[in-house]
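Visitor: I am in my first year and would like a close look at a single part of this structure. Could you take me through one helix and what packs around it?

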Amino acid sequence: MKEPTLGNPQNTIEILQKYRFNFQKKFGQNFLIDTHVLDKIIRAADITKDDFVLEIGPGIGTMTQYLACAAREVTAVEIDKALIPILEDTLSDYDNVTVINEDILKVDIAALAEEKNGGKPIKVVANLPYYITTPIIMGLFENHVPLESITVMVQKEVADRMQVGPGTKDYGALSLAVQYYAEPYIVANVPPNCFMPRPTVGSAVIRLTRHAQPPVHVRDEKLMFRIIRASFNQRRKTLANGLKNSPELDLPKEVISEAIDRLGRGASIRGEALTLEEFAELANHIGELM
Ligand code: SAM
C-alpha cells in the first residue's frame, strides 16, 4: 500500500490549490499538517490489520491515508460535499477505504459496526470538528455503539474536562459521563501551528478506552445522568438546591434531603464535590426512596 503523502504541508497546499478548496468555518475545518502528530495518533489508537476503523471528518484524507495503511478497513464520514472529489483523488491508491458523504450525527454507527465488523467493537479515530465534540462522543456512548476505543483530537480544554475529578474547575457533567463509559488518557498536547488554518485554541489528543463494565453500579443510569446535569446546572448552589430547582427532576423535598443525608457528606455539600461513585450511590438512594 502506498505510503501516506499528505500530512506534509507542501502536499496539502498543492491539493487545496488544485481543487480551489475554500475552508468552511461552520464545519470546524482545521487540517493536520504535522506528520509527527499523525504518527502519534495512529500509535495511540493502537490499530492493527484486524481492525475496522471509523474516521469522523476526513477532510482531504490526511489521517485517512495513515489509517488505511494501519487498519484492515476504514470508513470515513465527511459532511462537506466539496471534499468528496478531493478524497476520491487522495485516497485512490487505498482500496480499503469507503467515504460516506453524511453528517456523522445522522449515521447509524451501530448498524455500520454490524455491517463492517460483524458487530464486534470498533475503533473510532478523528481530528474532530470542535463545534460538535460533545454530541459526537456522547452519541457514541449513549447509542450503545460497540466500541473498543475513541482516539480523538479535541480542544485542549475539553480534553481536560474529560479527564479531571472533583475539586477542579473543569470537573462537570462531561467528566462524569466520559468516565462512566471509558478510561480517559491524554496522549499529547498539540499547538495551533500543526493545523491549516490555525485554530484559535490549543488542542489535545485523548484516548478513551471503553470500560468492559461501568466502574460503578447504578440501577437507573438515566436517573443518575439527570441528577448529574441538575447538580452542575447550578454549580455554585448546594446539591440539595440544584436537585430541587431542576426542571428535569420532579423530586419531593424529603426524598432529596434523605438521599443526601445517606451520603454522609453533610446537608450543604455541593454537587461538584461528589465522585462518580457518590453520584451512583445518590441515584440508587433516590430510586429506592421514590
Ligand atoms: N481529518 C482531517 C485532518 O485531520 O486534517 C480534517 C479534520 S477537521 C478538524 C474536521 C472535519 O470534519 C472537516 O473535514 C469537516 O468538514 C468535517 N465535519 C464537520 N462537521 C461534520 C459532521 N457533522 N459530520 C461529518 N463530518 C463533519
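Guide: What follows is a look at one helix, its two helical partners and the core that they share.

This is a predicted model, in which local features need pLDDT of at least 70 and side-chain atom pairs count only at pLDDT 80 or more, while totals for chains, interfaces and linings use all residues. Residues are numbered from 1 along each chain as its sequence is written, and side-chain values use heavy atoms, with hydrogens and water left out.

To set the scene, the chain has 12 helices and 9 strands, where helices (H or I, at least four residues) and strands (E, at least two) are DSSP runs numbered from the N terminus. Its C-alpha trace spans about 65 × 40 × 30 Å along the principal axes. Of the 290 residues in the chain, 52% are buried, a word that stands for under 20% relative accessible area, with exposed meaning over 50% and partly exposed in between (1.4 Å probe, protein chains only).

The part to look at is helix H9, residues 221-233, which gives 7 residues to the largest nonpolar core, the most of any contributor. That core has 66 residues, and those with the most contacts inside it are Met224 and Leu282; a nonpolar core here is a set of buried Ala, Val, Leu, Ile, Met, Phe, Trp, Tyr and Cys residues joined through side-chain atoms within 4.5 Å. Leaving aside residues up to four places away in sequence, Met224 touches Tyr180, Val218, Leu276, Phe279, Ala280 and Ala283, where a contact means heavy atoms within 4.5 Å. A second core, separate from this one, has 37 residues, including Leu6 and Phe21.

Consider next how H9 meets helix H8, residues 173-181: the two pack at an angle of about 155 degrees, with their axes 9 Å apart. Such axes are lines fitted to C-alpha atoms, for helices over the stretch in contact, and the angles run from 0 to 180 degrees between N-to-C directions. H8 and H9 are therefore roughly antiparallel to each other, on a scale where angles under 35 degrees count as roughly parallel, over 145 as roughly antiparallel, 65 to 115 as roughly perpendicular and the rest as oblique. Their crossing is right-handed, the term for a near helix turned clockwise from the far one by less than a right angle, whereas an anticlockwise turn would be left-handed. From H8, Ala173, Leu176, Ala177, Tyr180 and Tyr181 meet Glu221, Met224, Phe225, Ile228 and Phe232 of H9. By class, this contact has 9 nonpolar, no polar and 1 charged residues, counting Ala, Val, Leu, Ile, Met, Phe, Trp, Tyr, Cys and Pro as nonpolar, Asp, Glu, Lys and Arg as charged, and the others, Gly among them, as polar.

Within H8, Ala177 is buried, with a relative accessible area of 5%, and beyond residues up to four places away in sequence it touches Met138 and Phe225.

The other partner is helix H12, residues 276-289, which packs with H9 at an angle of about 115 degrees, the axes again being 9 Å apart. H9 and H12 are therefore roughly perpendicular to each other, and their crossing is right-handed. On the H9 side the contact is made by Leu223, Met224, Ile227, Ile228, Ser231 and Phe232, and on the H12 side by Leu276, Phe279, Ala280, Leu282, Ala283, Ile286 and Gly287. By class, the contact of H9 with H12 has 11 nonpolar, 2 polar and no charged residues.
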